[in-house]
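Trainee: I am new to this structure. Please take me through the empty space inside it, and then the parts that surround it.

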Amino acid sequence: MAKYFGTNGVRGLLDLITPDFVSRMCAAFGHWSKCGKIVVARDTRTSGEMLEYAAIAGLLSAGCQVVRLGIAPSPTAEYQVLHQKANGAVVITASHNPPEWNAMKFVDARGIAVSRETGEGIERLFESRSRKAAPWNALRPIVKYPLACEDHANAVRKSVDPSVFKNAKPSLVLDCANGTMAKVGPALFKSLGCRVTTINANMDGTFPGRPGEPTEANIGDLIASVKALGADMGIAWDGDGDRVVFVDEKGKFVIGDRIFSLCADIALREKKGDVVTTVATTNAIRDIAAKYGSKVFYTGIGAPYLSEGVLTHDAVIGGEEVGGVVWPSLHFGKDGLMTAAKIVEAACAKPLSKLIAGLPVYYNSKTKIPCAPERKQRAMHAVAGFAKLAASKGKITTIDGIRVDFKDSWVIVRASGTENYLRIFAEAKTQEKAELLMKEYEAIAVKAAGQ
Ligand code: MG
């Protein structure tokens, strides 16, 4: 079991994520990456510059060639790994966490984030005393690369039809969370001819505008701005720009799985192929894939598993329920810039609310139950036993937690990897059915967690 790696890198407060720790971990990653070319980027946090220097020092000590992007969104760094044929990337970002956090996100040569399981190998190198620093005559200079955001924006621009934007001239309100997307989002949409109003578009590592996570509760200013300006759409990114959420022209928040559903419909209409998603994603994806004769492949929850699935199955699109979408035509990470561009392109023809209304309709119900870490395994065992009995007409999937699929509904029970909870999520064709299904499994989980 990894000691430091979580589902997506090594994350913590600054008492763990010290310059010394970052330097040593990045040296270990450098060795794991065969001491080759490594792309380094960071988000806007106040600790970012300090930890960026530490990361670079560690990588250089391993004999790596460092390509320094400076402040850039995570998807920009992931794009650069493939664009520069690098051996990997280190992104200093804690994504949507509060400003006092920071993290190292590691990406391999395929452009896929390093998982907890793969991270164990890097940790072994981190602990190893026999790991040797590169000799004086193998050390290489840093290569500064200031064009990374421009490259990424150009790749996105080539993936849309500019005439659609020029004709419609949509009015957008962009909320950059004082994060990295301020560097690339507004410029891209202005260059496409959109009428752009920005909020929280000054890069500031104290995140004065709003918390980094783009939940409905956190983007009240964006919702109010869309309504006040009568804009066509509002777009809000998280701190490192891999996730994005939307507000329609009526000022209504659009949840993540609707956005992924819309993206899947767009991608499958443009190119024949399959879809990859996590086991906690809406059946609307299954329905959309069926419309195009495509298959859906499921993965565990977490960016590394989703990206790996997209690569393995050679899918045309991948996504998760909280608004992260992978466009493998660009790279294998979740890309909030490409997602925004494809949604705006589609909304040039029809208002976003109408596009969403055209998607398959499902209702969901969710809850979380306190469960001590030592009880999680036994509780999940009890849930599995019940599922086997109850699901004689359903299909059980155990890729991540226990998911039971019935004809028009499904339920998943998962033990949280980072918190002391069991999470239950049910989906059905009516709200009543979703709640009934959720309650059925809640009763079993409460009993099992309390034993
Ligand atoms: Mg993020």
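**The cavity and its surroundings**

Mentor: We start with enclosed space. The count comes to 1 cavity of 30 Å³ or more. Keep in mind that this is a predicted model. The largest cavity holds about 60 Å³ of space.

Who lines it? Early in the numbering come Asn 8, Glu 78 and Lys 105, which are among the lining residues of the largest cavity. Gly 111, Ile 112 and Ala 113 also belong to that lining. Further along, Asp 242, Ala 303 and Ser 307 contribute to it. Phe 332, Gly 333 and Lys 334 line it too. By class, the lining of the largest cavity has 4 nonpolar, 4 polar and 4 charged residues.

Now set the cavity against the domains. The chain is divided into domain 1 (10-146), domain 2 (151-357) and domain 3 (363-449). Domain 1 and domain 2 each give at least three residues to the lining of the largest cavity. These two domains touch: 32 residues of domain 1 are in contact with 34 residues of domain 2. Their C-alpha centres lie 27 Å apart.

Next, look at a sheet of 4 strands. The sheet is open, its order is S13-S12-S14-S15, and its pairing is mixed. Strand S13 (296-299) and strand S15 (325-326) are the edge strands, each pairing on one side only. Strand S12 (residues 275-278) pairs with S13 in the parallel sense, over 4 bridges. Within that pair, Val 276 stands opposite Phe 297 in S13.

Two helices lie across this sheet. Helix H11 (residues 303-312) lies across S12, S13, S14 and S15. H11 runs at about 160° to S12. Look back at the cavity here: Ala 303 and Ser 307 are among its lining residues, and the span of H11 is 303-312. The other helix is H9, which lies across S12, strand S14 (317-319) and S15. H9 runs at about 175° to S14.

H9 leads us to open space. The second largest pocket has a volume of about 320 Å³. The elements giving two or more residues to its lining are helix H9 (256-270), helix H12 (336-347) and helix H13 (352-357). H9 gives the most, with 5 residues. In total, 16 residues line this pocket. Leu 262, Asp 265, Ile 266, Arg 269 and Leu 355 lie nearest its centre. By class, the lining of the second largest pocket has 7 nonpolar, 1 polar and 8 charged residues.

Finish with another sheet, further along the chain. Here 5 strands form an open sheet, in the order S16-S20-S19-S18-S17, with antiparallel pairing. Its edge strands are strand S16 (363-370) and strand S17 (395-397), and each pairs on one side only. On average, neighbouring strands of this sheet are turned by 15° against each other, direction ignored. S17 pairs with strand S18 (residues 402-405) in the antiparallel sense over 3 bridges. In this pair, Lys 395 stands opposite Asp 405 in S18. Helix H15 (residues 431-450) lies across S16, S18, strand S19 (410-415) and strand S20 (421-428). H15 runs at about 15° to S16.

Conventions
Residues numbered from 1 in each chain as written. Predicted model: local features only at pLDDT ≥ 70, side-chain atom pairs only at ≥ 80, totals over all residues. Heavy atoms only, no water. 1 Å grid on protein atoms, 1.4 Å probe; cavity = no way out; pocket = protein on both sides within 12 Å on 5 of 7 lines; lining within 4 Å. Points joined across faces, edges and corners; volume = space filled by probe spheres on them. Nonpolar A, V, L, I, M, F, W, Y, C, P; charged D, E, K, R; others polar. Domains from an automatic or database assignment. Pairing = 2+ DSSP bridges. Axes fitted to C-alpha atoms, helices over the stretch in contact; angles between N-to-C directions. Contact = heavy atoms within 4.5 Å.
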